[in-house]
Amino acid sequence: MVKYIGVNDRKIDLFEGQFVVPEGISYNSYLILDEKIAIMDTVDIHFKDEFLAKLKDALEGRMPDYLVVDHMEPDHSASIKALVEEYPNIEVIGNQATFKMIHQFFPGFTFKQKLVKEGDVVSLGKHSLKFVFAPMVHWPEVMMSYDAYDECLYSADAFGKFGALDFDDPEGWACEARRYYFGIVGKFGVPVQNLLKKLAGTPLKVIRPLHGPVLDSNLDYYIHLYDIWSKYEPEADAVTICYTSVYGNTKEAAELLASNLTKEYDIFDLARDDFHEAIEGAFENKYLVLATTTYCSDIFPKMLDFLHALKERGYQNRTIAIIENGSWSPQVKKLILEFITLNFKNIVLIPRTVTIRSALTEENRQEIVELAKELNK
């Protein structure tokens with residue numbers, strides 16, 4: 001039997017200090033009740049009392065044998081010490097990197113350790129846990145636990161999403177899972193691909209992530225998306241427009257372009273809209289339009305921040321168009337092209353660049369209409 005003993009965090013404003021989470025986040029923990037009992041990870045320290053109370057109720061008077069630590073990020077590990085103090089005979093299961101981090105987070109903390117290696121199996125009775133190492137998805141100590149009895153993967157942060165479990169997301173799983181993936185895991189496409197290869201052929205009926213809902217149907221859909229995302233391939237033949245605008249002229253250009261598109265599109269003001277939504281959009285769609293101004297002889301700061309965020313996440317395999325603005329010396333096209341050449345891979349550049357000098361001219365407007373035609377092909 002498996003019981004859920006995680007918690008919902010509805011008080012959080014920024015996840016990991018940067019991601020806006022208006023519908024909160026869940027910190028998932030699971031209890032496997034068998035001849036032996038295993039707890040799968042813990043929760044954020046602010047919810048340790050709620051977690052320990054849920055655990056006590058779920059145990060129904062029994063004592064846990066193991067705590068499996070699949071991931072040491074504090075939103076999942078910060079209650080380890082409190083749990084061990086409550087159940088001092090529990091054995092903590094982890095790998096070498098796990099235990100190194102536990103001692104870093106909890107100096108002087110002593111506990112019973114059970115060291116496991118890749119492919120090791122711990123039997124609980126009917127249930128058994130096989131450990132699948134997943135370094136850099138997205139921390140170096142990450143491992144996952146596969147239960148052959150339930151054909152279930154305890155997937156650490158993989159396949160997670162933003163949003164508390166008491167929120168019925170009208171957009172479904174993919175939107176906030178995509179923002180989560182490209183915000184947090186996106187840099188680590190190769191490790192994700194390595195993990196998917198390890199799991200190929202493994203019978204799977206359930207995925208239990210550390211954030212978001214349990215996935216127990218249509219698993220091919222979720223795995224397919226992770227495959228696309230980790231290969232840096234676009235999902236949609238659509239356009240993402242990202243702009244910055246000081247006095248409204250570049251914004252006008254971006255909106256004019258959008259109004260002439262026949263393809264689906266997203267449009268983001270990088271100074272006002274959710275920055276990580278814009279990153280998600282850049283990875284989701286095939287086409288990216290960068291519309292910005294020259295500022296102090298450089299790329300406008302918010303656009304430069306955006307370009308660096310894409311670089312950090314390995315942006316590639318897309319088609320990019322540029323709209324630049326500058327009142328006396330437009331340099332954005334040259335600077336963005338230099339940045340793309342140095343930092344992005346497999347980029348197709350649309351030759352037509354719209355250069356605005358202060359405000360849009362009729363010639364600019366026609367150039368934007370022509371650019372839209374190229375994007376609509």
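This passage describes the largest pocket and a run of paired strands in a predicted model.

The pocket is a good place to start. Rolling a probe the size of a water molecule over the atoms shows where empty space is left. In this model, the largest pocket has a volume of about 360 Å³. Its lining is made up of 17 residues, and those that lie nearest the pocket centre are T293, T294, G326, S327 and W328. Two elements, the helix α8 (249-259) and the strand β18 (285-295), each contribute at least two residues to this lining. The largest share comes from β18, which supplies 3 residues. As for chemical character, 12 of the lining residues are polar and 5 are nonpolar, while no charged residue takes part in the lining of the largest pocket.

Attention now turns to strands β8, β9 and β10. Strand β8 (residues 66-68) pairs with strand β9 (residues 91-94) in the parallel sense, and 3 bridges are found between them. Within this pairing, V68 stands opposite I93 of β9. Strand β9 is also joined to strand β10 (residues 112-115), again in parallel, by 4 bridges. Here I93 stands opposite K114 in β10. Residue I93 of β9 thus has V68 opposite it in one pairing and K114 of β10 opposite it in the other.

The path from β9 to β10 can also be followed through a helix. Helix α4 (residues 96-105) joins with β9 and β10 in a β-α-β unit, and the handedness of this unit is right-handed.

Key. Residues numbered from 1 in each chain as written. Predicted model: local features only at pLDDT ≥ 70, side-chain atom pairs only at ≥ 80, totals over all residues. Heavy atoms only, no water. 1 Å grid on protein atoms, 1.4 Å probe; cavity = no way out; pocket = protein on both sides within 12 Å on 5 of 7 lines; lining within 4 Å. Points joined across faces, edges and corners; volume = space filled by probe spheres on them. Nonpolar A, V, L, I, M, F, W, Y, C, P; charged D, E, K, R; others polar. Pairing = 2+ DSSP bridges. Right-handed = clockwise from strand over helix to strand, strands pointing away.
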